[in-house]
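Thank you for making time for this one. I would like to walk through a few parts of the fold, so please have the structure open as I speak.

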Amino acid sequence: MFIRIHKQRQRGKVYTSVQICESYRDPAKGGAPRNRVIANLGPLDKLGLDNIRNLGNGLLKAAGVVPQEGVQPQLLNARHFGHVHVAQRVWEALGLSQALEDAGIAGAASFPVVEFVRLLVINRLCDPCSKLALLDWLESVHCPMSEKPSYHHLLRAMDRLGEAKDKAEPLIAKCLLEDEAPPDLVFYDITSTYFEGDKSLAEDDFRRYGYSRDHRPDRRQIVIGMVMSRSGIPLCHHVFDGNTVDKTTVAGVVKDLKERFALTRTVFVGDRGMLSDGNLETLLDENLGFIVAHPLRRNALAAEVIGEIGKGLDRTSEQEQFLEQRREGVRFVLAWSPAISREVEQSRTERLQKADAWIKKQTNSLAKPAKRGRKPTVQGTYDRIRDYLRDKNLLSLYELGLADGKVTGKKNQKALAWERTISGMLLLETTDMTLAAEEVVSRYKELAEIERGWRALKSTLLLRPVYHWTEKRILAHVFICVLALQL
């Protein structure tokens with residue numbers, strides 16, 4: 001049974017009454033649910049608040065509950081539950097606690113190390129914050145634990161996690177890939193994360209100035225390399241000094257994959273800027289294959305291959321095309337998309353039109369008297385045009401000149417012709433001689449998964465800011481973020 005407030009309109013006026021109703025299933029209607037009125041308690045406005053309260057108290061007494069006069073129910077405490085519960089269940093379903101135990105993370109510790117590591121990861125996933133703020137966050141969520149953590153114990157758990165990294169990562173990867181065969185395809189890429197301030201810097205500190213992927217060359221940084229499976233699951237990560245060059249990291253990563261993960265018959269996927277000739281030889285020496293993309297500009301090998309096999313493209317077709325060329329031990333796959341080609345051409349045309357208009361405006365200002373301020377100089381105008389083209393990535397498409405007190409600028413027709421040739425193209429090199437060309441391209445495009453991982457680390461999981469200043473804690477913080485990404 002239930003209370004229903006019934007409204008009825010008569011002669012433009014609304015009458016509200018209180019009814020006691022019950023639900024039942026009507027056999028005549030095939031068991032469809034119906035409601036019927038048990039009793040009419042009368043108009044709501046005539047019942048009055050006291051009568052309604054007395055009626056409610058009478059029903060409570062009939063149920064054996066003694067009502068307390070003047071006491072209103074209050075919600076004294078409430079904790080968030082759902083997101084923490086889901087993360088905790090996924091963690092346990094994957095068996096990550098057992099993997100960390102098997103890695104020897106607990107040792108002879110007097111506190112539940114694995115539980116605290118799980119807490120750090122779940123916090124990073126649900127509401128990333130500093131370790132001090134985590135203790136306040138823990139008061140607002142329901143997260144069953146055998147022991148309440150202290151700030152000191154959270155830091156000790158981080159230290160033990162960092163020490164167990166080499167043993168833990170293969171065990172964790174085995175949990176994540178339990179239903180998969182050993183990965184036949186791994187993706188490798190690196191990124192950087194910077195630090196605010198120079199606190200606790202030592203002479204041999206690994207926080208150094210280097211090429212910043214976050215466009216912050218004014219900040220010290222570290223470089224992070226990550227290996228992912230084709231399903232987008234991180235297998236392991238490596239942290240390097242902030243001034244480390246991309247291609248110098250590959251040899252160590254390949255050796256690590258062979259030793260700790262026992263990968264065989266695996267194809268290594270990356271960009272050509274990272275996989276130098278020496279790195280490719282390292283992969284071959286370790287019996288690993290590769291798929292790499294070649295830059296199409298200022299690259300003699302790419303120009304040679306495209307010049308040889310690009311003639312076979314049917315540029316009147318609307319279908320994506322794949323051509324290949326086999327050489328000793330490797331083959332090149334050239335993919336061309338007419339849709340992407342048109343999009344690139346349209347974008348470049350629009351950018352060139354804007355650049356032409358801007359250059360014309362700057363050169364015309366030299367011939368006109370200055371309305372106010374100093375008149376622009378020839379050298380200053382040349383520098384502004386050059387900087388503009390450089391910032392718009394158009395400098396290689398123009399030929400700028402400075403002679404006889406004039407600035408000249410015309411399009412570089414040779415460079416433009418090459419841009420039209422390579423529009424919509426992708427050139428790959430691989431050691432796999434059996435895969436179809438379309439499949440080679442498809443596998444390379446899966447490298448975008450690692451880019452998604454970097455975005456999640458830096459945005460959702462807040463890899464930065466790093467609230468730690470010692471090297472071992474920074475390394476442990478990165479490990480926690482990667483664990484959260486794996487989860």
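Let me begin with helix H7, where Asp-166, Lys-167 and Lys-174 are exposed on the face turned away from the buried side of the helix. I should say at once that this is a predicted model, and everything that follows should be heard with that in mind.

On the other side of H7, the buried residues are Lys-165, Ala-168, Glu-169, Ile-172, Ala-173, Cys-175 and Leu-176. Looking down the axis of H7, these buried residues fall within an arc of 155 degrees, so they line one face of the helix. As a general reminder, an α-helix has 3.6 residues a turn, so residues three or four places apart point the same way. The cover over the buried residues of H7 includes helices H2, H3, H6, H8 and H16, together with strand E6. As for its length, H7 runs over residues 165-176, and its end C-alpha atoms are 16 Å apart, which agrees with the 16 Å that twelve residues should span at 1.5 Å a residue.

Strand E6 takes us to the sheet, which is open, has eight strands in the order E6-E5-E4-E7-E8-E13-E10-E9, and shows mixed pairing. Its edge strands are E6, residues 234-241, and E9, residues 321-327, each of which pairs on one side only. From one strand to the next the twist averages 20 degrees. At the E9 edge, seven bridges join that strand to E10, and the two run antiparallel; within this pairing, Gln-325 has Phe-332 of E10 as its bridge partner.

Within the sheet I would also point to Ser-192, which sits in strand E4, residues 185-194. Is Ser-192 buried or exposed? Its relative accessibility is 0%, and therefore Ser-192 counts as buried. The side chain of Ser-192 makes a polar contact, at 3.4 Å, with the side chain of Gln-221, and the residues that Ser-192 touches include Tyr-211, Asp-214, Val-223 and Lys-458.

Finally, helix H12 covers residues 378-391 and reaches 20 Å from its first C-alpha to its last, close to the 20 Å expected. At its start, a side-chain oxygen of Thr-377 comes to within 3.0 Å of the backbone nitrogen of Gly-380, and Gly-380 is itself among the buried residues of H12, as are Tyr-382, Ile-385 and Leu-389. Helix H11 and strands E11 and E12 are included in what covers those buried residues. Just after the helix, Asn-393 adopts a positive phi of about 60 degrees.

Conventions
Residues numbered from 1 in each chain as written. Predicted model: local features only at pLDDT ≥ 70, side-chain atom pairs only at ≥ 80, totals over all residues. Heavy atoms only, no water. Pairing = 2+ DSSP bridges. Helix = DSSP H or I, 4+ residues; strand = E, 2+ residues; numbered from the N terminus. Axes fitted to C-alpha atoms, helices over the stretch in contact; angles between N-to-C directions. Expected span 1.5 Å × (residues − 1). Buried < 20%, exposed > 50% of the residue type's maximum accessible area, 1.4 Å probe, protein only. Contact = heavy atoms within 4.5 Å. Polar contact = N/O pair within 3.5 Å; in protein donor to acceptor, adjacent residues only side chain to side chain. Arc of directions from axis to C-beta.
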